[in-house]
Amino acid sequence: MPTAAMTIPGGADPVPVPRAQTVREDGRVDLVGLNKAEMAAALIAAGVPEKQARLRAKQVWHWIYHRGLTDFAGMTDIAKDTRALLAERFVVGRPEVTQQQVSTDGTRKWLLKTDDGNEYEMVFIPDADRGTLCVSSQVGCTLNCRFCYTGTMKLVRNLTAGEIVGQVMLARDALGEWPQPGEDLTGEARMLSNIVMMGMGEPLYNFDNVSKGLGIVMDETGLALSRRRITLSTSGVVPMMARAGAEIGVNLAVSLHAVTKDVRDEIVPINRKYGIDELLKACAAYPGANNARRITFEYVMLKDKNDSDEDARELVRLIRKYNLPAKVNLIPFNPWPGVAYECSDDARIARFSDIIYKGGISAPVRTPRGRDIMAACGQLKSESEKLSRADLDRIAAEKQAALA
């Protein structure tokens, strides 16, 4: 059975871990997640004459990624015998939906299942001027951020490029946003106008699949979502940040959440490997960052942990020290069962925000969305595993040892 490399962080660097790829019972290959060159090669391998393969791949690409078609029979500019061959050898898949929930505020959450039986989540957040899809990059998570529900899960595996792109395509299905003949919706006209790689997992520990998946999403002949409307969030995988800026080129968000070593070591343990100063230097060097494309620092507000006036002033000092084009998103902590932290009260959050604003840095307070369906920031966790508190502590210790 063929294998594909998956990376998780080891003692010093990502370690390749082979895993078996799931093969469909009918032997057909899913075309979602293939880039143009791979699609042409797949068609040639299936028996499409090589001289025709590039044109046929271009046509199939258009139907799959621009029109959202899943049935080869509807690809009317392709000969019937070729359509029959495609249907025999290939599928155009979507993630399997295990559960759908809709919050009282309109937020939607999907629990999705992979072909090998693992579960992950994605969330759509509608606003008056935009609609944002929160996309997952891993089943579980490599890291162990103490305030994050996803961090209590083991890393099961990386999501493939197809599984990443599939989330966007499934959301377009659900929202009815594939253009019809004669219609050409722009990103601005769609409900789904923005993507944030802020779901389950650390995107920069699944770099190749995230890069490939977002490349398909941004391709102007396909899903055609502008890179200025996509944000990738990292907890601080410093060695991969410059590469992400150069090769993917989307907006950067950094899960900072603390301004002192002791506190960040506790709540974002990757800080013990890549400290605050090292992280901020990488932010300062991020390709394309400027006042028009500011770096976003995510900062979850934890009562009596990281929310003092001194913390706010230190945050301003650090941003000024590294001359960062930045804004700060203040996130009221979203609780989950068994967590040891509490959310800062409204007055404290307002005071924290005011200090940052007076320091000349934008610091909006994010309105919690989807709390009633556990879809808010830091609450995503599939139901693949039911673990005891002792199991969760053991997993945390194992992750911490790997990052030591």
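**Helix α9 and two cavities**

Trainee: Which residues of α9 are buried?
Mentor: This is a predicted model, where local features need pLDDT of at least 70, side-chain atom pairs count only at pLDDT 80 or more, and totals for chains, interfaces and linings use all residues. Residues are numbered from 1 along each chain as its sequence is written, and side-chain values use heavy atoms, leaving out hydrogens and water. With buried as under 20% relative accessible area (1.4 Å probe, protein chains only), the α9 list is Asp309, Asp311, Ala312, Leu315, Val316, Leu318 and Ile319.

Trainee: What covers those buried residues of α9?
Mentor: Look for contacts, meaning heavy atoms within 4.5 Å. Helices are DSSP runs of H or I with at least four residues, strands E runs of at least two, numbered from the N terminus. The cover includes α8 (276-284), β14 (295-301), β15 (326-332) and α10 (346-358).

Trainee: How far apart are the end C-alpha atoms of α9?
Mentor: Take 1.5 Å times one less than the number of residues. Helix α9 has 13 residues (309-321), so the expected span is 18 Å. The model agrees, with the end C-alpha atoms apart by 18 Å.

Trainee: Which residue just after α9 takes a positive phi?
Mentor: Step past the end of α9. A phi of about 50° turns up there, at Asn323.

Trainee: What's the volume of the largest cavity?
Mentor: A cavity is a set of 1 Å grid points where a 1.4 Å probe fits but cannot get out; its volume is the space filled by probe spheres on the points, joined across faces, edges and corners. The whole structure has two of 30 Å³ or more. The largest comes to about 40 Å³.

Trainee: Which residues line the second largest cavity?
Mentor: This one holds about 30 Å³ of space. Lining residues have an atom within 4 Å of a point. Here they're Val168, Arg172, Leu192, Val217, Leu223 and Leu225.

Definitions and conventions. 1 Å grid on protein atoms, 1.4 Å probe; cavity = no way out; pocket = protein on both sides within 12 Å on 5 of 7 lines; lining within 4 Å. Buried < 20%, exposed > 50% of the residue type's maximum accessible area, 1.4 Å probe, protein only.
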